[in-house]
Amino acid sequence: MPLKVYNTLTRRKEKFIPLDKNCVKIYVCGVTLYDHMHLGHARAVIIFDVINRYLEYKGYKVKYVTNFTDVDDKMINRAKVLGTSIFDLAKKFTKEYFQQIELLGVKKANYYPRATEHIKEIIKLIKQLENNGFAYDKDGDVFFKVRKFSSYGKLSHQNIKDLSVAVRVEENKKKEDPLDFALWKKKKKEEPSWDSPWGEGRPGWHIECSAMAMKYLGESIDIHGGGNDLIFPHHENEIAQSEGATHKEFAKYWLHNGLLIMGKQKMSKSIGNVFTLSNALKKYNGETIRYFLLSAHYRSPLSYEETSLKKAASSLKRVYNTLQKIERIEKKDKKSSPNKTKIEKEVSELSLYLKEVEEKFTLAMDDDFDTPVVLSIIFEGIKRANLLLNKTDYLDNLSYELLLKTKEKIKKMGKILGLFQEEKRENLQGKEEDLIKILLNIRNELRKEKNWALADKIREKLDNLGIELEDEETETIWKVKK
RNA sequence: GGCGGCAUAGCCAAGCGGUAAGGCAGAGGACUGCAAAUCCUUUAUUCCUCGGUUCGAAUCCGGGUGCCGCCUCCA
């Protein structure tokens, strides 16, 4: 089965055929380094992380680039407000970005270029556009001549006529046409600026992505991604600039993720309905956040509710409970099977599941990265495993093997999603573990003596510390609450 | 006004022509000293609404209604 991806350009799912079959080139628009990230940003990061991982799973070598915008109006204004420079601002939020995506288990991109470090490339690209007649200099500002680019609007599927009617921003008088957009902005007092053939100034918003994508990936790339709020004007303009300069198709597949919804509207700084990543990470671990963000298809809007992360944590726990149960059981080895018929049904169903999982997984992911379906496949395995696991007295070597294999399969699928990889969820110091064990031993002696009151007291006190106990038939399991 | 998307149980959310995945929450039961975990049963005869196409539609077409996104910075 070939991978199919939904391409905004054509508005349909298409077979994914990379330009170079040995190497897939992806460019994803990243964040502007002017403020904390929120869950919506995290969604985009995680979605493209999964796409990246899946392409590698499919055997492609992937070159993955995602940028930082470190100079624009927001950066400048924010720096002014905070009494700092855009460079210090960028430094601060870059650091936070990397700390947070590490907690989210994001696999690093190959390059993280930023606009201010690519002024040379940007200037070169603008010059190229000038030579091709797509750009004009108006007293130090350089604009892109939108009407000159005949296929303008092909990504957002708008025609120039409708767009020109819709223009309602206070127009820059220097523009020849209200639709034109800035490639280079002339310096205003006290703004950070760079030398250029048109005088001191700074790059416009869109040009950095074209310049950097081309520098690291070449003039034509396979996948260009970002949130669907970037389709217009940002990506539309990127196409115009890039193709105006090179006369080659800039990106073959345009992938756009749906936005995170909070209280009916998209989560957005300007609306003010944000839940920052750092706040989320205070209460939940990165994996929980990741699970939540992958629980809907990447193109759909995803609603964030107060309970969303709590739900995700519960779901995650269900998977780990079973995985851990399998880990515990695999250590004991039992050759004899007291009564095979007792587990016949469970064994055959698990076997069937194992036979089919990988194909089901691939089918789901090949269908435009359908992560919710993958999760349902994983839970199916969890259920089947639990069913067999319940028959502890009848388990034999064959069932152990099946369970082990189930665990491996789930982890393998989980790896693509960046989930379920924790081997040991309880990260305590050695001494702490020993102390818990001592307490558990004492408690079990109390239980033998039917001193329930004291035994329960120990359980309760430990629970208050965040350590949960589960009395199983032969032993007591403890877990650190997440 | 233009372009696009969405409406599926209490909540989140798949499915996109063959008779409603999965998770969370709730209820009942089994197991347990009690819990926890797990399992079983249960919660949508029906997928916003009205028509149409079809042997057959949540899925396709047309009309409503409601919501959302983009057209301005935005993942």
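The legends below describe close-up views of a predicted model of a protein with RNA strand B. In this predicted model, local features need pLDDT of at least 70, side-chain atom pairs count only at pLDDT 80 or more, and totals for chains, interfaces and linings use all residues. Residues are numbered from 1 along each chain as its sequence is written, chains are lettered from A and ligands numbered from 1 in the order in which they are written, and side-chain values use heavy atoms, with hydrogens and water left out.

**View 1. Salt bridge between R202 and D73.** The closest N and O atoms of R202 and D73 are 2.7 Å apart; a salt bridge is a side-chain nitrogen of Lys or Arg within 4 Å of a carboxyl oxygen of Asp or Glu. The pair links distant parts of the chain, with R202 in strand β8 (residues 201–203) and D73 in helix α2 (residues 73–82), 129 residues apart. Helices (H or I, at least four residues) and strands (E, at least two) are DSSP runs, numbered from the N terminus. R202 is buried at 3% relative accessible area, whereas D73 is partly exposed at 37%. Buried means under 20% relative accessible area, exposed over 50%, and partly exposed in between (1.4 Å probe, protein chains only). The whole structure holds 38 salt bridges.

**View 2. Salt bridge between K317 and E468.** Here the closest N and O atoms are 3.2 Å apart. K317 belongs to helix α10 (residues 308–331) and E468 to strand β14 (residues 467–471); the two residues are 151 residues apart and link distant parts of the chain. K317 is partly exposed, at 32% relative accessible area, while E468 is buried, at 17%.

**View 3. Salt-bridge network including K360 and E356.** K360 and E356 form a salt bridge with an N to O distance of 3.6 Å. Both residues lie in helix α11 (residues 344–366), four residues apart, about one turn of the helix. K360 is partly exposed at 31% relative accessible area, and E356 is partly exposed at 32%. The network links E349, E356, K360, E380 and R384.

**View 4. Surroundings of L446 in helix α14 (residues 430–448).** L446 is buried, with a relative accessible area of 13%. Apart from neighbours within four places in sequence, L446 is in contact with N451, L454, A455 and I458, contact meaning heavy atoms within 4.5 Å. The C-alpha atoms of L446 and D456, ten residues apart in sequence, are 9.6 Å apart.

**View 5. Helix α13 (residues 397–417).** The end C-alpha atoms of α13 are 30 Å apart, in agreement with the 30 Å expected for its 21 residues; the expected span of a helix is 1.5 Å times one less than its number of residues. Buried residues of α13 include Y400, L403, I410 and M413. G418, which follows α13, has a positive phi near 75 degrees.

**View 6. Protein surface near RNA strand B.** The strand is surrounded by 64 residues, the closest being W205, G227, L230, K266 and S315; a residue is near a strand if one of its heavy atoms lies within 4 Å of it. Helix α12 (residues 371–389) contributes the largest share, seven residues. Of the RNA strand B atoms within 4 Å of the protein, 68% belong to sugar or phosphate and the rest to bases. A polar side-chain atom of K266 is 2.4 Å from a base oxygen of RNA strand B, and a side-chain N or O atom of K383 is 3.1 Å from a phosphate oxygen.

How values were computed:
A polar contact is a pair of N or O atoms within 3.5 Å; within protein, one must be able to donate a hydrogen and the other to accept it, and residues adjacent in sequence count only if both atoms are side-chain atoms.
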